[in-house]
Amino acid sequence: MGIANPSTAQAQAAHPKDASATLPVDRQAANVAIQRLSAAEWRSMNDDDLLTRIKSDDETAFRELVERHVDRGYAVAYRILHNATDAEDVVQDAFLQLWTKREKWETGRAKFSTWLYRVVTNRCIDQLRRPRVEVMDDLPELEDDSCDQMDILERQEASDLLAKAIQELPEQQRVALVLSYTEGLSNSEVADIMETSVSAVEALLKRARQKLRHLLRNHGGEILAMFTNR
């Protein structure tokens with residue numbers, strides 16, 4: 001998926017495209033030096049290093065941070081919303097929020113991934129609470145290869161049943177389930193993201209499993225086992 005460059009219309013108010021022309025000479029020289037870093041050097045930086053550079057208006061650092069986290073942010077949003085367009089909008093909004101408020105970021109206060117999950121899940125809940133017209137996503141085309149097409153269809157049907165059941169969970173249960181089971185986060189990490197207690201997360205997960213058992217009671221145990229045996 002694509003995330004808008006911070007020099008687009010949405011971010012120009014905070015960082016005009018030609019802002020470098022007005023920078024002091026030493027700032028311009030620093031930016032030139034930044035551009036000379038190799039791809040390997042960028043990848044070796046941790047998130048806090050990138051965020052420090054982003055606070056100094058470094059767009060290259062911003063793009064590196066986006067590339068590093070955008071797929072997981074989108075995956076979480078999609079699993080909660082089950083709508084590709086809405087999920088992409090949510091994640092793009094989250095990164096644009098980071099860019100437009102970059103000067104306020106306090107390095108070391110929280111992991112960036114925790115912040116991103118928190119913003120994404122909160123925006124997803126906002127989306128879920130809005131009245132909307134349901135739109136069916138286009139069905140993916142099956143590849144014409146040696147795989148058994150019937151098997152693919154059966155697995156897709158099972159996946160769709162599970163996704164539909166998750167959509168019927170209350171918002172907080174759905175968020176806790178996605179973060180815990182699909183993202184593999186610990187209960188303490190989920191509690192931090194959801195800004196609640198570990199015991200509250202445990203209760204949400206317990207109720208979510210019970211609800212899924214009820215919703216999927218007429219379907220094979222293979223689907224149930226994915227979320228109800230933990």
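**Exercise 1.** Are H9 and H10 oblique or roughly parallel to each other?

*Solution.* The structure is a predicted model. The steps are as follows.

1. The axes of H9 and H10 cross at roughly 135 degrees and come within 10 Å.
2. Angles under 35 degrees count as roughly parallel, over 145 as roughly antiparallel and 65 to 115 as roughly perpendicular, the rest being oblique.
3. H9 and H10 are therefore oblique to each other.
4. The crossing in which H9 passes H10 is right-handed.

**Exercise 2.** Identify the residues through which H9 meets H10, and describe the contact by residue class.

*Solution.*

1. On the side of H9, the residues are Gln172, Val175, Ala176, Leu179 and Ser180.
2. On the side of H10, they meet Asn187, Val190, Ile193 and Met194.
3. By class, this contact of H9 with H10 comprises 6 nonpolar and 3 polar residues, with no charged residues.

**Exercise 3.** Determine which parts of the chain are tied together by the salt bridge of Arg68 with Asp47, and classify the burial of both residues.

*Solution.*

1. In the salt bridge between Arg68 and Asp47, the closest N and O atoms are 3.0 Å apart.
2. Arg68 belongs to helix H5 (residues 59-81) and Asp47 to helix H4 (residues 47-55), so the pair ties together parts that are 21 residues apart in sequence.
3. Arg68 has 28% relative accessibility and counts as partly exposed, whereas Asp47, at 17%, counts as buried.

**Exercise 4.** Carry out the analysis for the salt bridge of Glu183 with Arg79.

*Solution.*

1. The side chains of Glu183 and Arg79 form a salt bridge at 3.1 Å, N to O.
2. Glu183 is located in the loop between helix H9 (171-182) and helix H10 (187-194), and Arg79 in helix H5, so this pair ties together parts that are 104 residues apart in sequence.
3. Buried means under 20% relative accessible area; Glu183, with 11%, is therefore buried.
4. Arg79, with a relative accessible area of 35%, is partly exposed.

**Exercise 5.** Analyse the salt bridge of Arg118 with Asp192, then state the total count and the network joined by shared partners.

*Solution.*

1. Arg118 and Asp192 meet through their side chains in a salt bridge of 3.3 Å, N to O.
2. Helix H7 (residues 112-128) contains Arg118 and helix H10 contains Asp192, so the pair ties together parts that are 74 residues apart in sequence.
3. Arg118 is buried, its relative accessible area being 18%, while Asp192 is partly exposed at 43%.
4. Salt bridges with shared partners join Asp47, Glu64 and Arg68 into one network.
5. The count comes to 9 salt bridges.

Methods:
Residues are numbered from 1 along each chain as its sequence is written. This is a predicted model: local features need pLDDT of at least 70, side-chain atom pairs count only at pLDDT 80 or more; totals for chains, interfaces and linings use all residues. Side-chain values use heavy atoms; hydrogens and water are left out. A salt bridge is a side-chain nitrogen of Lys or Arg within 4 Å of a carboxyl oxygen of Asp or Glu. Helices (H or I, at least four residues) and strands (E, at least two) are DSSP runs, numbered from the N terminus. Buried means under 20% relative accessible area, exposed over 50%, partly exposed in between (1.4 Å probe, protein chains only). Axes are lines fitted to C-alpha atoms, for helices over the stretch in contact, and angles run from 0 to 180 degrees between N-to-C directions. A crossing is left-handed if the near helix is turned anticlockwise from the far one by less than a right angle, and right-handed if clockwise. Contact means heavy atoms within 4.5 Å. Ala, Val, Leu, Ile, Met, Phe, Trp, Tyr, Cys and Pro count as nonpolar, Asp, Glu, Lys and Arg as charged, and the others, Gly among them, as polar.
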